[in-house]
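Visitor: I would like to look closely at one part of this protein, and then to understand how that part belongs to the whole.

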Amino acid sequence: QVQLAESGGGSVQAGGSLRLSCAASGYTPRSYLMGWFRQAPGKEREGVAAIYTSGGSTYKYYVGSVTGRFTISQDNAKNTLSLQMNSLKPEDTAMYYCAADPSPPPYGGTGLREYEYNYWGQGTQVTVSS
């Protein structure tokens with residue numbers, strides 16, 4: 001049974017930073033597609049960042065609005081997925097979810113689509129004030 005538990009959310013002023021963590025149990029993250037999603041009130045959940053390893057190479061994808069500000073990473077020894085968020089903006093305010101799936105994205109996929117994941121955490125709230 002795959003279990004994911006997010007932490008690290010909180011309140012921060014615009015321009016600040018937060019680091020989200022996702023503790024995974026029941027599998028080895030390196031062999032899975034891992035991602036971060038977020039959902040703001042009244043909006044659909046959107047993919048923020050994804051990471052997976054295939055053929056000895058590691059691939060990372062980001063939604064355009066966070067490129068250059070957010071960094072996804074994984075610590076295989078600790079079974080942890082992280083999301084470093086810098087230069088936060090009020091529009092980054094949302095519930096952030098960790099997700100995992102044993103399969104890589106389909107050909108041409110980026111891992112930023114909900115349907116690419118079978119396992120989800122409960123979420124951690126991020127609030128950015130102006």
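Which residues form one aromatic cluster?

Guide: The cluster is made of Phe37, Tyr117 and Trp120. Before we look closer, please keep in mind that this is a predicted model, in which local features need pLDDT of at least 70 and side-chain atom pairs count only at pLDDT 80 or more, while totals for chains, interfaces and linings use all residues. Residues are numbered from 1 along each chain as its sequence is written, and side-chain values use heavy atoms, with hydrogens and water left out.

Let us begin with the rings. The whole structure holds 5 aromatic pairs, a pair being rings of Phe, Tyr or Trp (its six-membered ring) with centres within 6.5 Å, called stacked if the planes are under 30 degrees apart, edge-to-face if over 60, and tilted otherwise. One of these pairs joins Phe37 and Trp120, whose ring centres are 4.9 Å apart and whose planes meet at 65°, which makes the pair edge-to-face. Phe37 belongs to strand β4 and Trp120 to strand β10 (residues 119–120), so that this pair links distant parts of the chain, 83 residues apart. Phe37 has a relative accessible area of 0% and is therefore buried, whereas Trp120, at 25%, is partly exposed; here buried means under 20%, exposed over 50%, and partly exposed in between, with a 1.4 Å probe and protein chains only.

Phe37 also leads us into the interior. Together with Ala50, Tyr97 and Ala99, among others, Phe37 belongs to a core of 8 residues that is separate from the largest one, where a nonpolar core is a set of buried Ala, Val, Leu, Ile, Met, Phe, Trp, Tyr and Cys residues joined through side-chain atoms within 4.5 Å. The largest nonpolar core has 29 residues, and those touching the most other members are Leu4, Met34, Trp36, Leu83, Met85 and Tyr96. Two or more of its residues come from each of β3, β4 (33–39), β5 (46–54), β7 (70–75), β8 (80–85), β9 and β11 (124–129). In soluble globular proteins, nonpolar side chains tend to be buried together.

A covalent link can be followed as well. The search finds 1 disulfide (a pair of cysteine sulfur atoms within 2.5 Å) in the whole structure, and it joins Cys22 to Cys98 with an S to S distance of 2.1 Å. Cys22 sits in strand β3 (residues 18–25) and Cys98 in strand β9 (residues 94–101), 76 residues apart, and both cysteines are buried. The torsion about their S-S bond is about -75°, so this disulfide is left-handed.

For contrast, consider Ser87, which is found in the loop between β8 and β9 and, with 42% relative accessibility, counts as partly exposed. Although Ser87 is not a glycine, its phi is positive, at about 50°. Beyond its neighbours within four places in sequence, Ser87 is in contact (heavy atoms within 4.5 Å) with Gly15, Gly16, Ser17, Arg69 and Asp92.

Finally, step back to the whole protein. It has 0 helices and 11 strands, both taken as DSSP runs numbered from the N terminus, helices being H or I with at least four residues and strands E with at least two. Of its 130 residues, 42% count as buried. Among contacts with a separation of 6 or more, 60% are between residues 24 or more positions apart, and the C-alpha trace spans about 40 × 30 × 25 Å along its principal axes.
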